[in-house]
Every structure is written in C-alpha cells, then in structure tokens.
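Some labels given to parts of a structure rest on a cut-off. The questions below ask how such labels are earned here.

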Amino acid sequence: MNTVNGLGVICRDYEANAMASKKNWIGKKISISNATVLEAQEAYDTMKYLGAQRDHKTYAIIFQTPDTNYCGGAVLLSYYLGQDEDILKIRKGQKITITGVVYDIGDRTFNTHNNGNMAEKVIKMRDGAVH
C-alpha cells in the first residue's frame, strides 16, 4: 500500500502525462491521512458495476486534500454491518484517513450536493475504508 500526503502527487502525475499516471496509479491501494470530507452520499449508479451490492446501500465519500485545489477524490466504501449508522456520523469538513484502490483518474462526471466545492479532476477509488 502507498501512503500519500494528499492527492496532489497523483494529480501532478496525471497533468504531466495522463497515460503514464494511469499506469502508475490504477490498481494501487493508497492511504491518505489528511482528507477533508466534502460529502458522504449513497453511491451513484455508475459505481454499481464496481461492486456496489443491491441488497444493501452502498456509500461513497467525496473528499479533498490541502495540497491541491483542482483535484479531488471519491471513494466507494466497502460494506460492513453497522455502516448505515456510521455513515450518518460523517460530517462535511471532518478530517479523516481513508484507504482505497484507485480505479480511475480523470474529469468529474458526476454531481454532488456540494458541487461548488468539488474539483474538476477526480481520483476515483473503490474498496474504501475510513479510519
């Protein structure tokens, strides 16, 4: 697992060479210790093919890191018993440590309740956990 201080290093790689960045980061499990929650939400439909189950709700955390303002993150959380209660405790502006596996890097293609705060470039992750 790679520990990164923020999304900036991935975003700068992507800006320098998108294909090389995707080769370097997609499929890698990363941990980010200084993520700021923008929103906790039920996962959007385009995430269903990434493992979102139909027999329970699937949640995503939309977040940002202080080292970049043009690049944000979205992570599909792995399900566990009690998650429905835990997700209600996550607040906008809360600092979290989050882990996940990068599956895409690119332009934001989804809406959030807090669209004004969401970056245009997004690092998308799955198999996520909040620590």
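Q: What does it take for a residue to be called buried in this predicted model?
A: Buried means a relative accessible area under 20%, computed with a 1.4 Å probe on protein chains only; the model itself is predicted.

Q: How do you know whether Cys 11 is buried or exposed?
A: The relative accessible area of Cys 11 is 1%, and since the limit for buried is under 20%, Cys 11 is buried.

Q: By the same rule, what is Cys 71 to be called, buried or exposed?
A: Cys 71 has 3% relative accessibility and therefore counts as buried, the requirement being a value under 20%.

Q: Why is the pair Cys 11 and Cys 71 called a disulfide?
A: A disulfide requires two cysteine sulfur atoms within 2.5 Å, and the sulfur atoms of Cys 11 and Cys 71 are 1.8 Å apart, so the pair meets the rule. Cys 11 lies in helix 1 and Cys 71 in strand 4, so this pair ties together parts that are 60 residues apart in sequence. By this rule the count comes to one disulfide, and with -85 degrees about the S-S bond the link of Cys 11 and Cys 71 is left-handed.

Q: What makes strand 3 largely enclosed by the rest of the structure?
A: Five of the six residues of strand 3 are buried, and the strand is therefore largely enclosed.

Q: How do you know that strand 3 pairs with strand 2 and with strand 4?
A: Pairing calls for at least two bridges between the strands; strand 2 and strand 3 have six, in the antiparallel sense, while strand 3 and strand 4 have four, also antiparallel, so both pairs satisfy the rule. Ala 60 takes part on each side, as the bridge partner of Gln 41 and as the residue opposite Leu 76 in strand 4. Strand 3 is joined to strand 4 by a hairpin of six residues.

Q: Which residues touch the most other members of the largest nonpolar core, and which elements each supply at least two of its residues?
A: The core has 24 residues, and Ile 30, Ile 32, Ile 61, Phe 63, Ile 98, Ile 123 and Met 125 touch the most other members. Helix 1, strand 2, strand 3, strand 4, strand 5 and strand 6 each supply at least two residues of this core.

Q: What makes the approach of Asn 17 to Met 19 a polar contact?
A: At the start of helix 2, a side-chain oxygen of Asn 17 reaches to within 3.2 Å of the backbone nitrogen of Met 19, and because the limit for such a pair is 3.5 Å, the distance qualifies.

Conventions:
Residues are numbered from 1 along each chain as its sequence is written. This is a predicted model: local features need pLDDT of at least 70, side-chain atom pairs count only at pLDDT 80 or more; totals for chains, interfaces and linings use all residues. Side-chain values use heavy atoms; hydrogens and water are left out. A nonpolar core is a set of buried Ala, Val, Leu, Ile, Met, Phe, Trp, Tyr and Cys residues joined through side-chain atoms within 4.5 Å. Buried means under 20% relative accessible area, exposed over 50%, partly exposed in between (1.4 Å probe, protein chains only). A polar contact is a pair of N or O atoms within 3.5 Å; within protein, one must be able to donate a hydrogen and the other to accept it, and residues adjacent in sequence count only if both atoms are side-chain atoms.
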